[in-house]
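This report is meant for a reader who is meeting the structure for the first time. Please look over the sequence and the model before reading on.

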Amino acid sequence: MYKRVSPPTIGSKVIFENGEPIVPDNPIIPFIRGDGTGRDIWPTASKVIDAAVQEAYKGKRMISWFKVYAGDEACDLYGSHQYLPEDTLTAIREYGIAIKGPLTTPVGGGIRSLNVALRQVFDLYACIRPCCYYAGTPSPHKNPEKLDIIVYRENTEDIYLGIEWKQGSKIGNQLIRILNEEMIPATPEHGKKQIPIDAGIGIKPISKNGSQRLVRRAIKHALLLPKDKQVVTLVHKGNIMKYTEGAFRDWGYELATSEFRQDCVTERESWILGNKEKNPEITFEENARMIDPGFDALTEEKKAEIVREVETVINSIWLSHGEGKWKGKVMVNDRIADSIFQQIQIRPDEYSILATMNLNGDYLSDAAAAIVGGLGMGPGANIGDSAAIFEATHGTAPKHAGLDKINPGSVILSGVMMLEYMGWHEAAHLIKKGLASAIASRQTTYDLARLMEPPAEPLKCSQFGEAIIQHFG
Ligand SMILES: NC(=O)C1=CN([C@@H]2O[C@H](COP(=O)(O)OP(=O)(O)OC[C@H]3O[C@@H](n4cnc5c(N)ncnc54)[C@H](OP(=O)(O)O)[C@@H]3O)[C@@H](O)[C@H]2O)C=CC1
Ligand SMILES: O=C(O)CCC(=O)C(=O)O
Ligand SMILES: [Mg+2]
């Protein structure tokens with residue numbers, strides 16, 4: 001079945017039931033080393049993961065690693081342009097859980113992105129990127145410990161499904177003509193808009209199913225968090241793009257208030273309920289005026305709509321959510337994408353899970369990682385219903401490749417996410433403890449060492465891994 005690789009002879013398969021993995025004590029896990037700094041990071045990361053599993057389970061559990069190829073390494077083994085060989089896809093399909101280093105995406109070349117291709121082939125629709133602070137990590141912020149968020153980024157649509165036509169291409173020009181002459185005039189709300197004839201054209205599809213399955217996972221995750229972290233924020237630019245970004249928000253709320261009705265309260269509902277709790281005699285209209293400060297300036301039609309909203313909330317959930325019961329439920333709110341970048345910096349402790357579409361989540365996960373120490377501390381997971389691939393938020397950082405210098409923390413922490421996903425919490429805990437303690441004692445790589453005050457003597461990538469292992473216990 002495999003052309004150039006062979007699975008380990010010891011170990012067995014992870015299987016998936018109802019979207020959840022069932023993990024044997026000796027799972028076979030395919031790994032992709034990665035391009036660029038992948039060659040520095042992976043040996044260190046796998047050593048730390050193996051040491052933690054050994055320390056936690058004393059041989060009762062172990063991972064049988066299965067080396068598979070993608071990127072430059074794949075071309076060396078399989079021939080030129082064989083960036084993502086069938087062997088690799090077969091292995092991930094067969095064994096279910098995989099981990100990878102970063103892969104290069106040539107800008108403007110024939111290949112769009114191997115990383116994205118892997119997510120799409122296995123329908124890994126939730127890209128989960130937690131950002132939390134390890135004491136002692138240098139940060140541009142005064143109180144980085146207040147940031148403890150998880151970016152839940154939709155991983156298959158938006159720009160990942162983006163279809164583009166090059167400026168000046170025959171079909172691109174044809175599309176612009178049809179849009180300008182037929183489709184825009186047929187949609188009165190677009191007014192007299194016209195697309196410049198010299199434009200490149202891109203389409204960003206956002207589907208209801210794609211949005212809701214992401215938000216569903218985010219809400220389920222929130223239900224497992226401590227009560228004060230049970231907040232899901234829908235991030236969007238719906239004020240500008242109503243039927244894509246705005247629809248993402250609306251579908252998120254729709255899911256929260258239908259499928260998770262007993263578990264969730266929306267921010268607006270909480271205001272309405274809170275107003276009635278403070279003043280049980282409050283009328284629907286008075287309540288509406290309080291939740292919408294500009295109420296009196298609205299049209300009669302809009303006012304009536306808000307009064308109806310208040311009435312519906314009180315009539316439908318007062319019994320289940322009123323008298324403060326809503327405080328024990330998952331709070332679902334929404335924020336406009338540009339504003340959330342400010343919010344996570346100045347009011348980080350008000351946020352927990354940020355559910356985003358693809359592009360917003362891409363920006364946000366790098367920005368959030370910066371607050372807690374940078375991309376060297378940004379882990380990630382791509383999760384679907386029948387496979388999962390763990391990988392860091394960052395890329396190949398080519399200028400540092402082969403120097404045994406780069407921070408392996410992000411891939412090590414992606415390994416922690418993988419162990420937690422497998423239910424191997426003891427091993428995950430050891431790594432987090434080792435990492436925290438190594439950083440607290442100023443033993444770390446150049447990226448963190450150079451920002452410490454006073455600057456610390458930087459460790460090599462491999463030395464940082466060893467320091468983490470030494471601090472397990
Ligand atoms: N999932 C994936 O595999 C991804 C792949 N890519 C691809 O990676 C390639 C390079 O992308 P690029 O834009 O340079 O972005 P990178 O994320 O690879 O690196 C940018 C900078 O971030 C810092 N950095 C990144 N990783 C680490 C780390 N582990 N430890 C410490 N610092 C780190 C370095 O900053 P400094 O030099 O200042 O210390 C580095 O120069 C591109 O081909 C891109 O498409 C990009 C993102 C994700
Ligand atoms: O694959 C790529 O080149 C970019 C991917 C990326 O930026 C991400 O997943 O955050
Ligand atoms: Mg990115």
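How many bridges join strand 3 to strand 5, and do the two run parallel or antiparallel? Strand 3, made up of residues 28-32, is joined to strand 5 by 2 bridges, and the two strands run parallel. The model described here is a predicted one.

## Strand 5 and its partners

Within the pairing of strand 3 and strand 5, Phe-31 is the residue that stands opposite Ile-99. Strand 5 also pairs with strand 15, which covers residues 388-390, and this pairing is again in the parallel sense, over 3 bridges. Here the bridge partner of Ala-98 is Ile-389 in strand 15.

Strand 5 is covered on both of its faces, with Ile-97 and Ile-99 buried on one side and Ala-98 and Lys-100 buried on the other.

## Lys-100

Lys-100 belongs to strand 5, which spans residues 97-100. This lysine counts as buried because 27 C-beta neighbours lie inside 10 Å, where 20 or more are needed. When neighbours within four places in sequence are left aside, the contacts of Lys-100 are Phe-31, Ile-32, Gly-34, Ile-389 and Glu-391. Phe-31 and Ile-32 fall within strand 3 (residues 28-32), while Ile-389 falls within strand 15 (residues 388-390).

According to an unreviewed UniProt entry, Lys-100 carries the feature "modified residue: N6-succinyllysine".

## The two ligands

Around ligand 1 there are 19 residues, of which Pro-102, Thr-105, Gly-376, Gly-395 and Asn-407 come nearest. By class, this shell divides into 6 nonpolar, 10 polar and 3 charged residues.

Ligand 2 is surrounded by Thr-105, Ser-113, Asn-115, Val-116, Asp-362 and Thr-393, a shell with 1 nonpolar, 4 polar and 1 charged residues. Thr-105 is thus found around ligand 1 and around ligand 2.

## Helix 14 and Ile-431

Ile-431 lies in helix 14, which runs over residues 425-440, and it counts as buried because it has 26 C-beta neighbours inside 10 Å. Apart from neighbours within four places in sequence, Ile-431 is in contact with Val-48, Ala-52, Ile-412, Gly-415, Val-416 and Ile-468. The C-alpha atom of Ile-431 is separated by 8.0 Å from that of Leu-413, a residue 18 places away along the chain.

## Domains

The domain assignment divides the protein chain into domain 1, given as 1-123 + 386-473, and domain 2, given as 163-203. The centres of domain 1 and domain 2, taken over C-alpha atoms, are separated by 43 Å.

Note on methods. Residues are numbered from 1 along each chain as its sequence is written. Chains are lettered from A and ligands numbered from 1 in the order in which they are written. This is a predicted model: local features need pLDDT of at least 70, side-chain atom pairs count only at pLDDT 80 or more; totals for chains, interfaces and linings use all residues. UniProt positions are given in the numbering used here, feature names are shortened, and annotations may be inferred rather than shown by experiment. Helices (H or I, at least four residues) and strands (E, at least two) are DSSP runs, numbered from the N terminus. A residue is buried if 20 or more other C-beta atoms lie within 10 Å of its own, exposed if 12 or fewer, and partly exposed in between; C-beta atoms are placed from the backbone. Two residues are in contact if their C-beta atoms, placed from the backbone, lie within 7 Å. Two strands pair if DSSP finds at least two bridges between them. A residue is near a molecule or strand if its C-beta atom, placed from the backbone, lies within 6 Å of it. Ala, Val, Leu, Ile, Met, Phe, Trp, Tyr, Cys and Pro count as nonpolar, Asp, Glu, Lys and Arg as charged, and the others, Gly among them, as polar. Domain bounds come from an automatic or database domain assignment.
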